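I opened this notebook to record what I looked up about the spaces in the structure and about the ligand. The entries follow the order in which I asked my questions.

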Amino acid sequence: MPDYRWGIFLADAVPGRSIGFGDQMGQPVWQQVPGEYRSTLRRLIVTQGDTEPASVEQQRLLGHTCPSMYDLRNLFQINVEEGRHLWAMVYLLHAYFGRDGREEAEELLARHSGDADKPRILTTFNEPMSDWLSLFCFTYFTDRDGKYQLKSFAESAFDPLSRTCRFMLTEEAHHMFVGETGISRVVKRTLEVMKELGTDDPVRIRAHGAVDLQTLQKYLNFWCSSSLDLFGSEISSNSAANFASGLKGRPDETQYEDHVLRDKTLNVAIPEGAQDVPMLNALNEVMRESYLKDCEIGLKRWNRMIERAGHALRLSLPSSRFRRAIGAWAGLPVDPQGQMISKEEYGESLPGWIPSDADKVFVHSLMQRVIEPGKMAGWIAPPERGVNNLPVEYEYVKLH
Ligand code: BYC
């Protein structure tokens, strides 16, 4: 991407910016890291930074099986931007955390997605991503977690972090666009095939080279449930401390009335029953709930397409209790509707809820590279428009 600029980009400084939440609300924001928050802040920046190269590692082989040149170009843009987001976090470590920061930055190079000895920090970023359906689900669900986490850092009292994250957010929107429109194009193509064949039989749809909606649902279940873990535990002393000290706010903090939250509680559902929890300790859950609402937007769009085509099936999001590995519901046998079931039933049903080995083999069989400008693989509809007002048929990538 010859016209792509490398560098450290920060949103403009806001003159006179003061801390917008927590116990030090109203005081000037920090241009240096206060000693008492040094290790916590470093850990948060390292965790954020670790996800960026991880996602590129996960996606690095997808170019071989791109469904079109348009998609290949989008993949490259996403990868380059994630690389630049890594730079932004490494810049903060080098510029503000001295020797410890430089060592942490080196460690970022030592970890790799899926590595048995030195994996990436957060689970989702160690999941293999060997097909484009997974890429679209990842950019829809996981990049959306990125949006929420970056928005909460954009509120941070540590001004350099706030400014880098505000810049990064401008690029996150495109990644989610790739996910949402990618899934829309899969649904569109599947509906075309269903119409052509006059059937909703998954076997016949698959035989015709399209992704049946039941399989798509399984991919949604997998990536959504994995991404829900990225918000941390429902009840978290980390979230309380990070908010109170001004390190990490809520997305769009100004929309709330109370920015200190010392007197509020939230009723949180945990397996033992609902429990009133100090709001500060429940902020991960607050963010997860608002994330799920945001995820619904695409679902509504895809379901409208399915409804208009005259089919009864509806795609849905799994319950936030389903297949959790972090928090109060971790490891519990819960179905996608959120009901607790027996361990045996869960074990037997899980392959029907998330992609089975056979589903993956089928989806992989569709992943044939298409690189003729304007042509699309048979399992996905063309986009409505090209990139930057260029036609869909444009030669987006020069292959040498
Ligand atoms: N996997 O109190 P807890 C993006 C750990 S995506 C493994 O439950 P807390 C992007 C946690 O670290 C956004 N470990 O949660 C998207 C802690 O360990 P320590 C990435 C997990 O701390 C696409 C312990 O469990 N950015 O940008 O309130 C492409 C107890 O923690 C997980 C961030 O995540 C997990 N899923 O919140 C490219 C922001 N969840 O510290 C990029 C930075 C929790 O006790 N990270 N743990 O050893 C954070 O703000 C917080 O660390 C978390 C967890 C939100 C992840």
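How much space lies in the largest pocket? I worked on a predicted model, and there I found about 930 Å³ of space in the largest pocket. I then looked up the residues that line the largest pocket, of which there are 40, and noted that the closest to its centre are Thr47, Leu122, Gln149, Leu230 and Lys248.

Entry on the lining of the largest pocket. I sorted the lining by class and obtained 13 nonpolar, 18 polar and nine charged residues. Turning to the helices, I saw that H1 (38-59), H2 (69-96), H4, H8 and H9 (283-308) each supply at least two residues of this lining. Which helix gives the most to the lining of the largest pocket? I found that H1 does, with eight residues.

Entry on the ligand. Where does the ligand sit? I placed the ligand in the largest pocket, and I listed 29 residues that surround the ligand, the closest being Gln48, Ser233, Ser236, Asn238 and Lys248. Lys248 therefore appears twice in my notes, since by the 4 Å cut-off it is near the ligand, and it is also listed among the residues closest to the centre of the largest pocket. For the shell around the ligand I wrote down eight nonpolar, 14 polar and seven charged residues. Helices H1, H4 (132-154) and H8 (237-244) each supply at least two residues of that shell, and H1, H4 and H8 are also among the helices that I had noted for the lining of the largest pocket.

Entry on polar atoms at the ligand. I looked up three pairs, beginning with Ser233, where an N or O atom of the side chain is 2.6 Å from an oxygen atom of the ligand. For Asn284 I noted a polar side-chain atom 2.9 Å from an oxygen atom of the ligand, whereas for Thr123 a polar side-chain atom lies 3.0 Å from a nitrogen atom of the ligand. How much of the ligand does the protein bury? Taken alone, the ligand exposes 1000 Å², and I recorded that the protein buries 82% of that.

Entry on the second largest pocket. I noted a volume of about 440 Å³ for the second largest pocket. Of the 14 residues in its lining, Met1, Pro2, Asp3, Arg73 and Tyr396 are the closest to its centre. By class, I counted nine nonpolar, two polar and three charged residues in the lining of the second largest pocket.

Entry on cavities. How many cavities of 30 Å³ or more are there? The count came to one, and for the largest cavity I wrote down about 50 Å³ of space. Which residues line the largest cavity? I listed Gly7, Ile8, Phe9, Arg84, His85, Trp87, Ala88, Phe167 and Met168, a lining that divides by class into six nonpolar, two polar and one charged. H2 and H5 (159-197) each supply at least two residues of the lining of the largest cavity, and I noted that H2 gives the most, with four residues.

How values were computed. Residues are numbered from 1 along each chain as its sequence is written. This is a predicted model: local features need pLDDT of at least 70, side-chain atom pairs count only at pLDDT 80 or more; totals for chains, interfaces and linings use all residues. Side-chain values use heavy atoms; hydrogens and water are left out. A polar contact is a pair of N or O atoms within 3.5 Å; within protein, one must be able to donate a hydrogen and the other to accept it, and residues adjacent in sequence count only if both atoms are side-chain atoms. Accessible areas come from the Shrake-Rupley method with a 1.4 Å probe; for residues, only the protein chains shown count as cover. On a 1 Å grid over the protein atoms alone, a cavity is a set of points where a 1.4 Å probe fits but cannot get out, and a pocket is an open set with protein on both sides within 12 Å along at least five of seven lines; lining residues have an atom within 4 Å of a point. A molecule sits in a cavity or pocket if more than half of its atoms lie within 2 Å of its grid points. Ala, Val, Leu, Ile, Met, Phe, Trp, Tyr, Cys and Pro count as nonpolar, Asp, Glu, Lys and Arg as charged, and the others, Gly among them, as polar. Grid points are joined across faces, edges and corners, and a volume is the space filled by probe spheres set on the points.
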